[in-house]
Amino acid sequence: MNIDNLLREIQSNKKSQYCIFFAVLVFLTLFMMFCFGSSSSYSGFDFSFHYRRLYTLIDALEHEVYPSFYVDFGNVDGYGYFTKGFYSDIIMVPFALIGTFTSVYFAYDLMVFTMTILCGVFMYHTVNVIYKSSYAAAIAAILYTFAVYRLYDFYQRGALAEALSFTFLPIVFLGVYYIIKGDYRKWYVLAIGYSLLIYTHAIASVLMFVTLFILLIIYSKSLIKEPKRLLYLILAGVATIAITSYYTFPMLEQLSSDSFYLNTHSPGGGAGYGKVGFDYILWGFISGIAYPEKELWTGVGIVLTLLLFFRFFIKRKKDDKLKSVDIGVIIGICFIIAISRIFPWGRFPFSLLSFIQYPWRLYEFVSYFFAIAGAYYLSLVIIKNKQRLIASVIIILVTMATIYVQSENYKSHDSSKDLPADVRTLALEPTYENGYRLIGREYLPSALEDIHYSHTRGEKVEGKDESTIISNLRREYNTVVFNVSLNKPDTLTLPLLYYLGYTATLNGEELHVMQGHMAFVNIPVNESGEVRTWYGGTTIQRISIYISLISILSLCVYITLLNRKKKNGLVQPHPR
């Protein structure tokens, strides 16, 4: 069989096309992991924070605390940091389970590998469904999965949550397509994708909402022509709220219960924080081959930028798919402008998004739109099988080159790369000297005006009355236990930072827990005995678990019954 016949056979066999794509995806993922190295050897700016998230989750699983809410008592000198209350850990659970019998590093690297494969698979499926081209789908998936900004998120920044959100973005866009243009009865795709996105990264979810709002305005005629589409959009939104209640309700409860560094300290927020000049925008276009000297920076990348020029070789004018791709490019260009200093982030209504901290998070969406555009333009310009094969090989080789160059840039910024593995692990431990590895410390209570005070105070329980005697102070995993001897009622200050949800008992009787000076947990006691204090959670936290579980099960039942009806011919196919 000659090459022409082989290519024609592959062209006519969708399964073979997908198998080849999947093999390339796995190869490039392994190549990426090899170039960047294990997380035990190199680490990005935020890596220590997310390493600690995974470590604490593994610890909670080993102590059978999960899925209840838990506090990282190994942080802030034992006073605790309530990471889970503000960062969802759902996506990390399967890998944390593996980490219970391997290591945190292995679980982390496995997560990067697995989510990279899923990112490519989901992108392929999305583009294939929307644009009906397996070739464009394969190219788009490769371009998106190994976009330099995604690599930058995973490695240089170590921004695990945002990097993982790349995986679920295509599912959300596929759901948006079904609502606006496709079979709106598949509204549940949007609910599933958006729920996964929220459970992965809240800020990416907000930016997705902004993008969705823009798309709804652009395609408003479809919603006006078929009002049912708007109803299914609302249904998808309600389902998403219910499914994600396990995370969103407790998070909103915490944010409304107190003030945090997020609101009062820099760099916790600020309109337009992190805007960049046009010089860095230009560096972003050529990242993958060149970077600013001694600066952590990237952008849309040279490959995605150059592929857009294929648009000038396309002469078709009346093509809805091409029009949608062009719209995506225009949105991407507008997002790049929004990243720059000229955009008025400090003015209403853009100031409402100040909590996103860095406008250059929009590069995630630019990468998505540009990857699809580059792939689709290429598929329209190059139509012969041999030419497509050559173009595919070039794309793969160029992708490998940018992965390698990006990895070298990453390693050049890691000052700890030459340290022994055990020393690197020890350096990840949260201490006062390294800022507890909390980066911006966004979720420390604002009342903790001086973090040095808690550090020097140490682990002790104090009463306001000098005659109060504290003895036998100890920790039993997540519980602070001690004996108190009183001459008269007193209020005790515990070595714990206050977050809504603490429970305390005195001789088995529940006590009132409140926030005291410097945001420490305070409890009133009126008799001598044994005091036990732990993070027991709130009513909303406990109820929200069941809301999410019931919602997920209900959606699964709905999808199963709908597919069964379709199979039995009880549901009419959606008109195309």
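**Exercise 1.** In this predicted model, establish which residues of helix H10 are buried and which helices they pack against.

*Solution.* Begin with the burial: in H10, the buried residues are Ile203, Ala204, Ser205, Leu207, Met208, Thr211, Leu212, Leu215 and Leu216. Next, look for their partners, and the buried residues of H10 are found to pack against helix H8 (160–180), helix H9 (188–200), helix H11 (220–225), helix H12 (227–243), helix H17 (320–339) and helix H18 (363–381).

**Exercise 2.** Work out what span helix H10 should have at 1.5 Å a residue, and set it beside the distance between its end C-alpha atoms.

*Solution.* Helix H10 covers residues 202–218, which is 17 residues. The expected span is 1.5 Å times one less than the number of residues, so H10 should span 24 Å. The end C-alpha atoms of H10 are 25 Å apart, which agrees with that expectation.

**Exercise 3.** Decide whether glutamine 156 is buried or exposed, and state where it is found and what it touches.

*Solution.* Glutamine 156 lies in the loop between helix H7 (148–154) and H8. Its relative accessible area is 3%, and because buried means under 20%, glutamine 156 is buried. Leaving aside residues up to four places away in sequence, glutamine 156 touches Phe36, Gly44, Phe45, Leu151, Leu296, Gln406, Asn409 and Tyr410.

**Exercise 4.** Describe how H12 packs with helix H13 (residues 245–257).

*Solution.* The two helices pack at an angle of about 75°, with their axes 5 Å apart, which makes H12 roughly perpendicular to H13. At the contact, Ile241, Ala242 and Ile243 in H12 meet Ser245, Tyr246, Thr248 and Phe249 in H13; these residues divide into 5 nonpolar, 2 polar and no charged.

Definitions and conventions
Residues numbered from 1 in each chain as written. Predicted model: local features only at pLDDT ≥ 70, side-chain atom pairs only at ≥ 80, totals over all residues. Heavy atoms only, no water. Helix = DSSP H or I, 4+ residues; strand = E, 2+ residues; numbered from the N terminus. Buried < 20%, exposed > 50% of the residue type's maximum accessible area, 1.4 Å probe, protein only. Contact = heavy atoms within 4.5 Å. Axes fitted to C-alpha atoms, helices over the stretch in contact; angles between N-to-C directions. Parallel < 35°, antiparallel > 145°, perpendicular 65-115°, else oblique. Nonpolar A, V, L, I, M, F, W, Y, C, P; charged D, E, K, R; others polar.
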